[in-house]
Amino acid sequence: MHLPMKQDGAAMGVPADVSFDAAVQRTNDDSVVSKRSAVFHGYFEDPYLRHFVRKLSRRSPLINRGYYLRMLVITDLIEKCICHLQCADSSIAAPVQVISLGAGYDTLAMRLKEEPQYANVHFYEVDFPSVMQSKSELVRAAPKGAFKEDLVAEPAQELVKLHGNNYRAIGVDLRGTEHDLINSLMKASQYFSPNHPTVLFAECVMQYMPPSSAADLIKLIACSFSRAIFVAYDQVNPADSFGNVMQVSLRAKGSPLLGLAETPGKTAMLRRALECRMQEARFANFHELSRHYLMGDERQRVEALEPFDEAEEWCEMCEHYGITMATTSHEVGMPAHPAFKETPSETTTEGSEEVAQSLVRVEKWPRGRFGFEGWGNGQAFSEKLSSGDVIIVSFGGFSATRSHQRTNTVYVHSLREGDCKVITAASSVEPPTLVFHSFSRVARGVYVVLGGRTNPKDVTMDAYLLQLELPEETEELQKTHLLALWTKLVPVAEANKLPEARYRHAATTVENRTKEELERPIFVFGGRNGAGHFLNDAWMATVCGEKIHWKHLPLTGDIPPPCCSSAVIDLPSTTAVLLSGGLMAGDVCEGAVWRVNWTNGNCRRMPYTVFPRFSHTMCHVEVGGVACVLALGGSTCRPREGHPSAVLLNPETGEAACVLALPPECPTWTRHCCISLGNGVVAVFGGGFTCFSFGTFAAKPLFLLLGERSDWHVTKQPKTAVHLSQSSPSPLLSRKRPAVEAQPFSKEAFLALVRQPNRPVVFRKVNMGRCVDLWANPTYLKEAEKNTMVSVHVARETYLLDFVKKNFTFRHVSFASLVDHCVKAEENPHTAGSEAWYLRAVAPNMKTERANVWKDFPKLGGDFVLPPAVAEHVESCMHQACLRLNAPPLQLWTHYDTLDNVLCQVVGKKRVVLFPPSEYNNLYMSGSSSAVLNIDAPDLGRFPRFADACRHATEVVLEPGDMLFLPSLWFHHITTMEGSYSISVNVFFERFPHEDYDKKDLYGNKDLPAAGRLRKRIVERVQQLVSGPFIEKTSDGKPLTPDFVEFALRQAIQDLEEISDNMAVAHRGSKRL
């Protein structure tokens, strides 16, 4: 029998439609594929799962281990409950019943029913009829002998789809009024009775149900089964970063967690069980369950199966799953289990009961994005420039955004200018791509990389010296690239005693007044080696020329235990460092703080703990004139509820000075970096984790402002918000731009343009329907789409949106809120500190769909029509139609699109300045966007070639009812004019066959794959000609020297520019021939 298959190999039980039921059912497919992977890797034995997964899909070690624990825990709990009921009712001959609710392709019943001790146990599985029919068909299609002979598959039967000795698989939708659980079970088997001792369990079922339905189910069980135990495995803790990713992922799949808001954790789960008439209830989170089940020989067996270095992810998974166990009878009770608690435990913080709390303020990053978003980059450091700017330097780590892989990139970020480009010197010996190395600053612009890993088995202790040419002024960052020189350091030690290779170690440069700055020692502690063992040795490393001198530091006193991912910080004007936290063997983490003397190795445990954590950070801060050490974030092997993420420590005593109450917008910080910028301001960036099977969370950079007097002012510059009348154009640019060609609209004129799209043309007063009148009324707009949620660009203290520097963030707001904001901004566009909002509408599921104004905004879409000639042409080749809304005087960066399009102005006025494609090299392009931000008053010292681009610029002011035809590749810069908010509809359509466009292009700005391949081949060919064996040689057989190669390359660039200019002239002239 051939069944439709999913790409991941799970046999599909339902059509891939968009209904909620089908989406929830597909979570069964995801689950069984992951369980099959865990079985394949040897975590768990299950002879049946492979018959429900036609194609093996190997999952990550995290997912394998997570599903193994889930299978192990559920199996053990059900067996314990069976034994408990058998013992509790030993005088009664009635069989124990086990009912799996939402069973899917689970095989627990099939496995247990064969065990002799369960001969008098009856197993029932309940799920949607389509799911059970699919399960039955797969059993019937399996090879002979795959399942026990007593198992009979009858997928066509109305109720019982599978049956065997003491086993029934029932297909029923319990929400229907014609069915209920008890009657369906009694109809399925004459041996079923609600009076028999019963175990009911549900794996990841309850939270998908509406809260009222879940409560009704629990009440039904409590009222119908006199001697029953109910076990529910569910998702919890929705409000943090992992919880958000989990909810977004499941909503995108069409299977939202409907009950999670009302039952977000232990307390709510227990309260619901008791309110629904359960007699007793207990709860266990997966932190406790993991420690109980993964111990001793079993832990050693599991850890040997495959390399595993996802400790933070494991803790996050444990934080977000739990099991509720409840009973319908005090007399019957429940099996004892050390992981289950009846009442919420007290959430006290060790050593901090008497410590005062202090609020923290948050300020957004001055640039919308930071070049590195990920984790495992060791540390980062700030360097102040004389201009007042601050640049941040980091290296390597795991990039969680675009590349999703380890990197060996040097990241330099200016708080004023954004990311800076770094060029590696030709003579450099670069480190490999690394994570969990250490990165230490030994002097201004000089850093040392120690240790790290590529994979958990490939660990190093190599040392690399990075020398970075740092500018003194911000302006130098704008004009030049930064040069990085790497040197691999030669290790030297007495008796050749060198530290073993390690990663996740703690390291910091210490202050040594007897040494030159470049010879400042680096203190190194602990970590993990390639065999997975935890270390607690200490070393001192000193760079001298191209060598690194190692000296073992024997520790005495209160020696920290073997651990990794601790935090360490130097204590200036002392010979000590402060060390805190760490992950130890057995999924246990440390919360102690030690003061370690780096001259004699003496260790002293401080009286305060920072609550057990690892992968956190410490940095020096001054709050209200008092010097403190901030311990921030980290992962923990315990439930986080009620425990502080941020603590201020006294650097002298190690005692807590204050517990910080972080605002709700702060993410879950772990594996992050923090840098003190003075005056109580801390920059926090990097960090994140894989959220099990739901996606990846990467923390966005933020500023923490500690203390009432803290303020961040270093990066604030004069506002860039400008009116056209306020701009100061250069004398070179004072001439008036020529107007874009205008034509009366006709079908013939439009079709002539799309057939030969070599210039922009504006059509005045085109009929666009009733939108031109209706959309000018804000009340109408709000009423039409008031509850529609949209994602807007938000820029602070500027109206010049910059896509190159990303000087904006994204915010989800209601459409009504957006309209209100635009009306207020229109009334007072120069409000100090105001935010500029810009909507470029995207589809609700922006990862897979493109914007469509008629679909995304049904009410407004009905008001807007394209002229018939345009609609006829666009219908078969439309890429997207997006709504744009903002207030004056917002300016949108200069960019090009790769699709022809029409920009239909509906409300307000827009000035559009256009540059032909031939001006690419004069516009300082980065991707599809220009780095020249203010085209009315450009910095010609920084962008001298822009003056040439302006000689070819044209301009048009669009008014309501105007339609601008924009050919692909034409650059355009858009300014919203004063007088009204602006609304336009931008319709993009394809010139080439649909297959010629990038399938992932959701915005119309990705280069055509064919054009990208051509560009790549040209560059690769040139690189081949100017490097290695292909370089031209002189008469003596030696390669041409680099200076002559570079000069020849620049000559060739000029020749190529002349070729492209000739092509441009020929293309523009073709319209006249």
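# Exercises on a predicted protein chain

In this predicted model, 72% of the contacts between residues at least 6 apart in sequence join residues at least 24 apart. The exercises below pass from the whole chain to single elements.

## Exercise 1. The chain as a whole

Determine the secondary-structure content of the protein chain, the share of its residues that are buried, and its accessible surface.

Solution. Begin with the elements: the chain holds 22 helices and 53 strands. Next, consider burial: of the 1073 residues, 57% are buried. Finally, the accessible surface comes to about 46,000 Å², and carbon and sulfur atoms account for 52% of this area.

## Exercise 2. Helix H7

Test whether the length of helix H7 agrees with the expected rise for each residue, then establish which elements cover its buried residues.

Solution. Step one concerns length. Helix H7 comprises the twelve residues 241-252, and because the rise is 1.5 Å a residue, the expected span is 16 Å. The end C-alpha atoms lie 17 Å apart, which agrees.

Step two concerns burial. The buried residues in H7 are Ser241, Phe242, Gly243, Val245, Met246, Gln247, Ser249 and Leu250. Their cover includes strand S7 (228-235), helix H11 (311-319), and strands S36 (688-690) and S37 (696-698).

Step three concerns the end of the helix. Just after H7, Gly254 adopts a positive phi of about 85 degrees.

## Exercise 3. Strand S18 and its partners

Identify the strands that are joined to S18 by bridges and describe the connections between them.

Solution. Strand S18 spans residues 446-455, and nine of its ten residues are buried.

On one side of the pairing scheme, strand S17 (residues 438-443) runs antiparallel to S18, with five bridges joining the two. Ser440 has Val448 in S18 as its bridge partner. S17 and S18 form a hairpin with two residues between them, and Gly445 in the turn has a positive phi of about 75 degrees.

The other pairing is with strand S19 (residues 458-468), which is also antiparallel to S18 and is joined to it by eight bridges. Here Val446 has Gln467 in S19 as its bridge partner. Two residues lie between S18 and S19, which form a hairpin.

## Exercise 4. A nonpolar patch

Is Ile1059 buried, partly exposed or exposed, and to which surface patch does Ile1059 belong?

Solution. First, locate the residue: Ile1059 lies in helix H22 (residues 1042-1069). Its relative accessibility is 48%, so Ile1059 counts as partly exposed. Ile1059 then joins Leu1056 and Met1063 in a nonpolar surface patch of about 320 Å². An α-helix has 3.6 residues a turn, so residues three or four places apart point the same way.

How values were computed: Residues are numbered from 1 along each chain as its sequence is written. This is a predicted model: local features need pLDDT of at least 70, side-chain atom pairs count only at pLDDT 80 or more; totals for chains, interfaces and linings use all residues. Side-chain values use heavy atoms; hydrogens and water are left out. Helices (H or I, at least four residues) and strands (E, at least two) are DSSP runs, numbered from the N terminus. Buried means under 20% relative accessible area, exposed over 50%, partly exposed in between (1.4 Å probe, protein chains only). Contact means heavy atoms within 4.5 Å. Accessible areas come from the Shrake-Rupley method with a 1.4 Å probe; for residues, only the protein chains shown count as cover. Patches are made of residues with over 30% relative accessible area and no salt bridge: like charges are joined within 9 Å, nonpolar side chains (Val, Leu, Ile, Met, Phe, Trp, Tyr) within 5 Å. A salt bridge is a side-chain nitrogen of Lys or Arg within 4 Å of a carboxyl oxygen of Asp or Glu. The expected span of a helix is 1.5 Å times one less than its number of residues. Two strands pair if DSSP finds at least two bridges between them.
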